[in-house]
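Thanks for coming, everyone. I would like to walk through one structure with you, slowly, so please have it open in front of you as I talk.

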Amino acid sequence: MAILPILQFEEKIVEIVEKNPVVVIIGETGSGKSTQLSQILHRRGYTKSRCIAITQPRRVAAVSVSRRVAQELGVRLGEEVGYAIRFEDRTSEKTIIKYLTDGVLLRESLSDPELRQYSVIILDEAHERSLNTDILLGLMKRLIKLRQSNLKVLITSATLDGEKVSRFFSNCPILNVPGKLYPVEIQHIPETPKSYVEASLKAAIDIHVREPEGDVLIFMTGQDDIEKLVSRLEERIQNLEEGSCMDAVILPLHGSLPPELQIRVFSPPSPNCRRFIVATNIAETSLTVDGVVYVIDSGFVKQRQYNPSTGMYSLDVVQISKVQANQRAGRAGRTRPGKCYRLYPSMVYHDIFLDATVPEIQRSSLAGSVLYLKSLDLPDIDILNFDFLDPPSSESLEDALKQLYIIDAIDEDGSITNLGRTMAELPLEPSLSRTLLEANECGCLSQALTVAAMLSAETSLLLGQSKSNDKKRKQVPSNLPNGSGWGDHIQLLQIYELWHQTDYNIDWCKENNLKVRGMMFVKDVRKQLSQIMQKMAKGSLDVKISKRWKEGPDYRALRKALCSGYANQLAERMIRHNGFRTFGFKSQLVQVHPSSVLTADEDGMLPNYVVYHELIVTTRPYMRNVCAIEMQWVRPILAKLDNMNVSKLSGGTNQSNEKIQVATVDLPKDADIAKPSIDDTDSRILAARERFLARKINK
DNA sequence: GAGCACTGC
């Protein structure tokens with residue numbers, strides 16, 4: 001076996017780690033950093049009294065890399081070398097080298113903020129800049145000050161990003177470890193194409209006709225474009241003259257493809273046959289396809305972004321970064337010298353592409369992360385000034401604080417509440433954690449556990465349907481329950497309860513077009529959540545799914561619990577039509593997503609009030625996953641919204657101590673609701689909200 | 001009356 005490049009650097013690495021608390025390692029693909037760094041430090045005595053942690057952004061990586069290291073050291077996995085991922089801890093007292101996902105390490109620091117069991121923490125693949133890695137980077141900066149004498153931190157990064165990480169850690173040394181990639185010839189096209197599907201098609205055919213054997217990997221943005229390109233490519237290749245070139249197979253590859261179709265790319269190709277793999281960025285890092293010699297890079301990727309000023313998510317096609325472009329190109333040089341065809345001018349690469357992808361922390365809602373940091377109780381840390389490698393905007397942090405305040409996770413001074421502490425223990429978004437705690441009070445914990453678990457997996461539940469399939473497939477009427485008109489949360493609950501009644505039958509999932517793996521995941525999450533809840537309650541709670549349909553048909557308790565959890569995600573229907581306005585600082589006009597099962601009354605009107613799981617902008621702003629709630633539950637929440645003072649929430653550096661006085665929100669009593677003058681009611685709530693919106697609350 | 005890239009606790 002050829003010696004991995006990193007081993008030639010062993011002395012250098014050890015020397016530099018000895019002298020410095022933090023080191024940045026630029027390890028190119030194939031350098032062996034993920035498997036070797038831990039072993040080198042182990043050989044040099046870093047595991048004598050404590051162990052080495054290596055984080056990975058993905059579960060499969062943690063498992064497969066630890067397996068290899070165990071093998072190389074000749075030990076049984078789970079003993080000296082182990083891994084810890086959600087639902088699976090394969091470590092023991094003997095473990096001295098531990099691979100874990102970055103999320104698991106964050107959870108560990110909840111119970112031990114100084115992470116005393118580790119002598120070395122290696123943040124691997126830090127250039128991917130997952131939300132969790134970024135938080136860990138901030139925590140590490142603090143930890144090395146606290147544990148200067150007995151903690152070493154190693155961060156692996158990409159070429160273009162290393163300097164920045166080094167600056168973040170007071171100019172710590174950077175060590176370059178070359179990889180084992182073959183050279184990749186890069187070609188740019190002179191003009192930005194009108195359609196990258198067409199441009200990819202042309203590039204692919206050119207390769208097929210002119211270039212020697214070797215598979216082609218094409219990076220597209222999503223399922224739609226992939227299917228379009230696959231069918232165009234099939235058509236073109238069939239029309240090529242018989243015998244003019246070798247055979248070809250065309251394989252789509254994206255996340256919503258069923259696993260049995262995904263693995264087709266791993267079976268070796270038949271001889272004299274070229275494979276075209278048309279993929280999303282799943283092939284950039286998550287899946288490695290062997291045999292690729294040519295890469296066609298569209299230069300685009302789909303990215304989910306959160307806008308803190310509107311509270312809305314959108315899924316946008318954006319330009320990739322230089323780091324990403326290089327990563328894609330590198331996929332052509334794994335087995336021999338390759339070529340990468342970039343469907344954009346080199347000027348665009350140099351002058352327009354960002355060096356690195358905008359980190360997730362600047363593209364997500366931070367409510368969960370802020371709550372997590374608050375719960376760590378770091379004495380010297382003010383969340384708004386937390387030392388992030390790339391700080392999120394203050395708008396985004398304030399948005400998180402407001403959300404946390406409305407659901408009682410922090411008080412008006414921005415300090416974490418007891419409720420908030422409990423919420424941080426749960427591996428859920430704050431809204432769902434809050435729902436669980438409220439549900440426990442209302443006696444519907446079992447149902448809420450199910451809803452929370454179902455929502456954690458929601459996008460991977462329904463079997464992927466593509467447009468082309470839809471046309472072919474007859475619309476089979478679904479036998480699944482419909483939420484009894486109350487909305488999507490209730491439907492998710494009903495689906496799971498039906499599955500439970502079949503004793504978690506796999507065929508039942510298939511018959512109902514539900515992804516088996518998704519449903520099994522829900523089962524695991526539900527179990528984990530109920531265990532955590534029981535542990536926190538220090539006793540047994542009612543988490544069993546009742547076989548009897550004991551509750552009335554209105555799911556009142558559960559909907560009330562959801563209303564508390566989603567107090568920051570409330571919307572009110574507008575008068576005489578089915579548009580909604582959201583409550584809160586940033587009132588938005590939105591609609592119920594057409595996929596929702598929420599039903600209208602006999603006059604065609606939707607419920608007056610709903611909570612929503614998320615706002616997503618596609619062709620329009622939509623509320624996804626909504627649940628009908630009652631107006632009287634809304635009143636206290638509005639009062640709370642009205643009393644919010646953002647400058648106090650954010651730690652109040654310029655505390656004027658002057659609480660803005662507002663008249664109490666004057667909502668009708670329950671009695672008024674029975675005989676409504678709806679317009680009047682609406683206008684009063686509207687007025688209260690307008691007053692609220694009109695106030696300018698600045699820092 | 002729409003459409004969904006990829007992860008993870």
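Arg 58 has a relative accessible area of 21%, and because buried would mean under 20%, Arg 58 counts as partly exposed. I should say straight away that this is a predicted model, and that everything I describe is computed from it. Which side chain does Arg 58 meet in a salt bridge? The partner is Glu 128, with N and O 2.9 Å apart. Arg 58 sits in the loop between β2 (51-56) and α3 (59-73), while Glu 128 sits in the loop between β6 (118-123) and α5 (131-146), so this pair ties together parts that are 70 residues apart in sequence. Glu 128, at 26% relative accessibility, is partly exposed.

As a reminder, side chains of opposite charge can pair when their charged atoms come close. In this model the count comes to 29 salt bridges, and I will pick out two further pairs and one network.

The next pair is Asp 225 with Lys 228, whose closest N and O atoms are 3.8 Å apart. Both residues belong to helix α8 (residues 223-239), where they are three residues apart, about one turn of the helix. Are these two buried or partly exposed? Asp 225 is buried, with a relative accessible area of 14%, whereas Lys 228, at 47%, counts as partly exposed.

Then there is the salt bridge between Asp 413 and Lys 648, with 3.2 Å between the closest N and O atoms. This pair links distant parts of the chain, 235 residues apart, since Asp 413 is in the loop between α13 (394-406) and α14 (418-425) and Lys 648 is in helix α23 (residues 646-649). Asp 413 is partly exposed at 37%, and Lys 648 is partly exposed at 22%. As for the network, Glu 10, Glu 11, Arg 43 and Arg 44 are joined by salt bridges that share partners.

Let me turn to the strands, and to β13 (residues 292-297). Six of its six residues are buried, so β13 is largely enclosed by the rest of the structure. Strand β10 (residues 215-219) pairs with β13 in the parallel sense over five bridges, and there Ile 218 has Ile 296 of β13 as its bridge partner. Strand β16 (residues 338-342) also pairs with β13 in the parallel sense, over four bridges, and in β16 it is Cys 340 that stands opposite Val 295.

Finally, the DNA. Which residues come nearest to DNA strand B? Of the 29 residues around the strand, they are Arg 59, Arg 86, Gly 255, Lys 302 and Thr 618. Of the atoms of DNA strand B that come within 4 Å of the protein, sugar and phosphate account for 70%.

Some individual contacts show this in detail. A polar backbone atom of Arg 59 is 2.3 Å from a phosphate oxygen of DNA strand B, and an N or O atom in the side chain of Lys 302 is 2.8 Å from a phosphate oxygen of that strand. From Tyr 622, a polar side-chain atom lies 3.2 Å from a sugar or linking oxygen.

The surface near DNA strand B draws at least two residues from each of α4 (102-111), β14 (300-307) and β21 (621-629), and α4 gives the largest share, three residues. By character, that surface divides into eight nonpolar, twelve polar and nine charged residues.

Conventions. Residues numbered from 1 in each chain as written. Chains lettered and ligands numbered in written order. Predicted model: local features only at pLDDT ≥ 70, side-chain atom pairs only at ≥ 80, totals over all residues. Heavy atoms only, no water. Near = heavy atom within 4 Å. Polar contact = N/O pair within 3.5 Å; in protein donor to acceptor, adjacent residues only side chain to side chain. Nonpolar A, V, L, I, M, F, W, Y, C, P; charged D, E, K, R; others polar. Salt bridge = Lys/Arg side-chain N within 4 Å of Asp/Glu carboxyl O. Buried < 20%, exposed > 50% of the residue type's maximum accessible area, 1.4 Å probe, protein only. Pairing = 2+ DSSP bridges.
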